[in-house]
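I opened this model to look up a few residues, the nonpolar cores and one helix pair. My notes follow in the order I took them.

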Amino acid sequence: MAVTIVSAVMVMAAYFLILYAGVGFIQDKRFFSSAHKDILAVIPDKKERFHGAHIIGWIMGIIALLLFVGALVLGVWDGVKNNFGFLQFFSRFIAVLYIMEIYDILFFDWVLLCHSGFFPHFYPEVKGIVGPHMFGYNKKQHIIHFIAYIPICAAAAWICTLL
C-alpha cells in the first residue's frame, strides 16, 4: 500500500511539473491540446520569457518524465519482489491512474483553472475567460480516461505477472 501511495505522489508531482514546464517556461501551444477552445484562441505564440526559459522548461519536463518512469519502475519492482498476482498489480495500477485523474480534476481543473491566477499569471490574455464557469468543460475526456484505464491496467498487470 505504501509503495502505491508513493508511486501516486510521484505521478502527481510529475504531472504538475510537466504542466508548469509547459505553461510557465516552454510556452508552446502544442502543450495546450487539452485546453478549452476559448483559451487556445487567445493564447499567443510566446517568445522566451527570459533567456534560458525554454531550457529550464525542457529540463523540468525531462525530470517529470523520469518521475513518471520511476513511479512505474517502483510499482513494478515492488510487485515482482513481493510476488504480486494479476489483481494486485491491476489494483496498484488502477489506483495510481485514478488518483492521477482525480488530482487532475480537483487540482488542475478546480484549483488552477477555475480558482487561482495560475494561467493568467503566464497568459494575461485569459483573464475573464478562465474561472469557475470553466469547471467540467472536459468531463467527456475524464470519463474516457476512467474507462480507458481499465484495459490499460489489465494489460500492464498481465505483462507484470509474466516477469
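**Entry 1: Asp 78**

The model is predicted, and I read it as such. I began with the contacts of Asp 78. Setting aside neighbours within four places in sequence, I found Asp 78 in contact with Val 3, Phe 84 and Arg 92. I then placed the residue: Asp 78 sits in helix H3, which covers residues 53-81.

Is Asp 78 buried or exposed? Its relative accessible area is 9%, so I logged Asp 78 as buried, the cut-off being under 20%.

Next I checked which side chains pair with this acid. The side chain of Asp 78 makes a polar contact of 2.9 Å with the side chain of Asn 82. Another polar contact, of 3.0 Å, links the side chains of Asp 78 and Arg 92. Arg 92 is thus noted twice, as it is also among the contacts of Asp 78 listed above.

**Entry 2: H1 against H3**

I stayed with H3 and looked at its packing with H1. The axes of H1 and H3 come within 8 Å and cross at roughly 165°. An angle over 145 degrees counts as roughly antiparallel, so H1 is roughly antiparallel to H3. I also noted the hand: H1 passes H3 in a left-handed crossing.

**Entry 3: the nonpolar cores**

Which residues touch the most other members of the largest nonpolar core? I found Val 23, Ile 39 and Phe 119, in a core of 20 residues. Helix H1 (2-26), helix H4 (86-114) and helix H5 (118-122) are the elements that give two or more residues to this core. H4 gives the most, with 5 residues.

I followed Phe 119 further. Leaving out neighbours within four places in sequence, Phe 119 is in contact with Leu 19, Val 23, Leu 112, Leu 113 and Val 126.

Another core lies apart from this one. It has 16 residues, among them Met 10, Phe 84, Phe 90 and Phe 93. I had already met Phe 84, as a contact of Asp 78.

**Entry 4: Ala 154**

My last stop was Ala 154, in helix H6 (residues 139-161). Its relative accessible area is 25%, so I put Ala 154 down as partly exposed. Not counting residues up to four places away in sequence, Ala 154 touches Phe 86 and Phe 90. Phe 90 is one of the members of the 16-residue core.

How far is Ala 154 from Gly 52? The two lie 102 residues apart along the chain, and I read 42 Å between their C-alpha atoms.

Conventions: Residues numbered from 1 in each chain as written. Predicted model: local features only at pLDDT ≥ 70, side-chain atom pairs only at ≥ 80, totals over all residues. Heavy atoms only, no water. Helix = DSSP H or I, 4+ residues; strand = E, 2+ residues; numbered from the N terminus. Buried < 20%, exposed > 50% of the residue type's maximum accessible area, 1.4 Å probe, protein only. Polar contact = N/O pair within 3.5 Å; in protein donor to acceptor, adjacent residues only side chain to side chain. Contact = heavy atoms within 4.5 Å. Core = buried A, V, L, I, M, F, W, Y, C linked by side-chain atoms within 4.5 Å. Axes fitted to C-alpha atoms, helices over the stretch in contact; angles between N-to-C directions. Parallel < 35°, antiparallel > 145°, perpendicular 65-115°, else oblique. Left-handed = near helix turned anticlockwise from the far one by under 90°.
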